Amino acid sequence: MGKKMPPATNFRKYIRSGKHSETLMINQLSHLRAENNQEVFRFGFGQSPFPVPDTIVATLASAASRKEYMSVQGHPPLREAIASFHGYFENKKWDPEQIIVAAGSKILLYCIMAAFQKAEVLLPGPSWVSYEPQAKLAGHKYTWIITDYDNAWKLTPEQLEQHCAAREDHDIPLILVFNYPSNPTGQSYSNEELEALAKVMKKYNVIVIADEIYSLLSYSDDYATLEEYYPEATIVSSGISKWCGAGGWRLGFHHIPKQLGTAFFQAVISVASETYSCAPSPIQIAATEAYQNIELAKEFLSKQKCLLKTISLYCSNTLRDQSVAVHDAQGGFYLLPDFIYYKDKLASKGITTSEQLTAKLLDDTGVALLPGTAFGMPPTSLVIRLAFVDFKGDQIWDESIKNPDFDKVKLGIDRLCQWLESL
Ligand code: PLP
């Protein structure tokens, strides 16, 4: 007699537990409300409202017949254009040979994690929604270091030192995923803050993935970067999703410092080759144009930054007037309001978590937001992420841009304030 076979459904217990990315979920819920003719203010999903400039769209159209696979590492003219572009705007001194291109920076973040057999992933909380699931998928231990409002939601050198010193096994690589300007907080780090953090990173040989996907949308011109203080182990992650408004085109890249060695670089290329093969060829051609056209980018970026800053300040000032604790954004399109001063009033209505808060707000006001828990915050912390992107992005090319129209955002913020008033 042969061995008894397990039941056909046995495989189910081996399925990884996983949930739908919360940002994509809120997008679906918002669509559902709109389909049912219910009012919705789309502050949940962080998609760029700005259209990809026409000349870049035209380049993509003309490249549609490019059906060949390109190299895993990426089209050489694109890598050269990326290096010069970031050299021009951010003073980066990148070797195109150290750049890897992918179908979005998200998959590359995963490739970096998967290139390690074992690692500990360190996440300042709050951080972007996908880092933790990716660390889990790669089979790594992950640790959150929760930051606070008083430190503008920034990781401090003391926190990093405390965590590093307390580690039991210093042999296992430590990867810090470090995002600025931050999604969800809208905050960036100053030169002094980065320098102080870099000292601790150096001491403990931390490998840093600096997620700089919003760097080109920093409102201030003196954007500081960790690479300046810790070039030997800072991997920079970026792409065209945010600054060029082309999230759905799926094109991102990483710059990996030479000092991390050829074996590591090859390990990442190997994961890339066994997963996505190469970024789509027509998109690589169009992205080459986007990165080569510095004059267009200068105008596009300055118009975007000006409008984003105006809208973000409107939101943060109005919310602060309503006793919501919030820091002004320094780049990108997010704010992280904290409803701490409404704690008692909310509790009296049975609302004690950020998830309950966002669910009730969507129901009562149509304002779609994401709970702090989606970004690693403890459930009872009453922070939510507000993506102030519900406005028409194509107006940046209008003559009337001196008087921008963001009435939908104003109305959504109004509804939110009225709701708080009524508590
Ligand atoms: N990192 C952060 C902080 C993001 O907000 C996003 C997109 O929302 C990404 C990475 C992913 O970017 P990409 O479209 O290049 O995969």
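Which polar side-chain atom lies 2.8 Å from an oxygen atom of the ligand, and to which residue does that atom belong? One such atom belongs to Tyr 214. Please keep in mind that the model you are looking at is predicted.

**Around the ligand**

Let's stay with the ligand for a moment. It is surrounded by 13 residues, and the closest are Asn 183, Asp 211, Tyr 214, Ser 241 and Arg 250. Three contacts with ligand oxygen atoms are set out here.

| Residue | Atom on the protein side | Distance to a ligand oxygen atom |
|---|---|---|
| Lys 106 | backbone N or O | 3.0 Å |
| Tyr 214 | polar side-chain atom | 2.8 Å |
| Lys 242 | polar side-chain atom | 2.8 Å |

**Strand β8 and its partners**

Now turn to strand β8, which covers residues 252–255. Which strands does β8 pair with? One is β2 (residues 99–102), which runs antiparallel to β8 and is joined to it by 4 bridges. Within this pairing, Val 101 has Phe 253 as its bridge partner. Another is β7 (residues 234–239), again antiparallel and again with 4 bridges. Here Ser 237 is matched with His 254 of β8.

The side chains of a regular strand alternate between the two faces of the sheet. You can follow this in β8: Gly 252 and His 254 point one way, while Phe 253 and His 255 point the other way. Are these four residues buried or exposed? All of them are buried.

**Helix α13**

Helix α13 takes in residues 407–421. Its 15 residues, at 1.5 Å a residue, should span 21 Å, and the end C-alpha atoms are 20 Å apart, so the expected and modelled spans agree. The buried residues of this helix are Val 409, Gly 412, Ile 413, Leu 416, Cys 417, Trp 419 and Leu 420. Because they cover an arc of only 160 degrees around the axis, they sit on the same side of α13. An α-helix has 3.6 residues a turn, so residues three or four places apart point the same way.

What covers the buried residues of α13? The cover includes the helices α10 (294–321), α11 (343–348) and α12 (354–365). It also includes the strands β1 (41–42), β10 (367–368) and β12 (384–387).

**A lysine on helix α7**

One last stop is Lys 199, which is found in helix α7 (residues 191–203). Why does Lys 199 count as exposed? Its relative accessibility is 59%, and the cut-off for exposed is over 50%. Along the chain, Lys 199 and Tyr 230 are 31 residues apart, and their C-alpha atoms are separated by 8.2 Å.

Methods:
Residues are numbered from 1 along each chain as its sequence is written. This is a predicted model: local features need pLDDT of at least 70, side-chain atom pairs count only at pLDDT 80 or more; totals for chains, interfaces and linings use all residues. Side-chain values use heavy atoms; hydrogens and water are left out. Helices (H or I, at least four residues) and strands (E, at least two) are DSSP runs, numbered from the N terminus. Buried means under 20% relative accessible area, exposed over 50%, partly exposed in between (1.4 Å probe, protein chains only). Two strands pair if DSSP finds at least two bridges between them. The expected span of a helix is 1.5 Å times one less than its number of residues. The arc is that of the directions from the helix axis to the C-beta atoms. Contact means heavy atoms within 4.5 Å. A residue is near a molecule or strand if one of its heavy atoms lies within 4 Å of it. A polar contact is a pair of N or O atoms within 3.5 Å; within protein, one must be able to donate a hydrogen and the other to accept it, and residues adjacent in sequence count only if both atoms are side-chain atoms.
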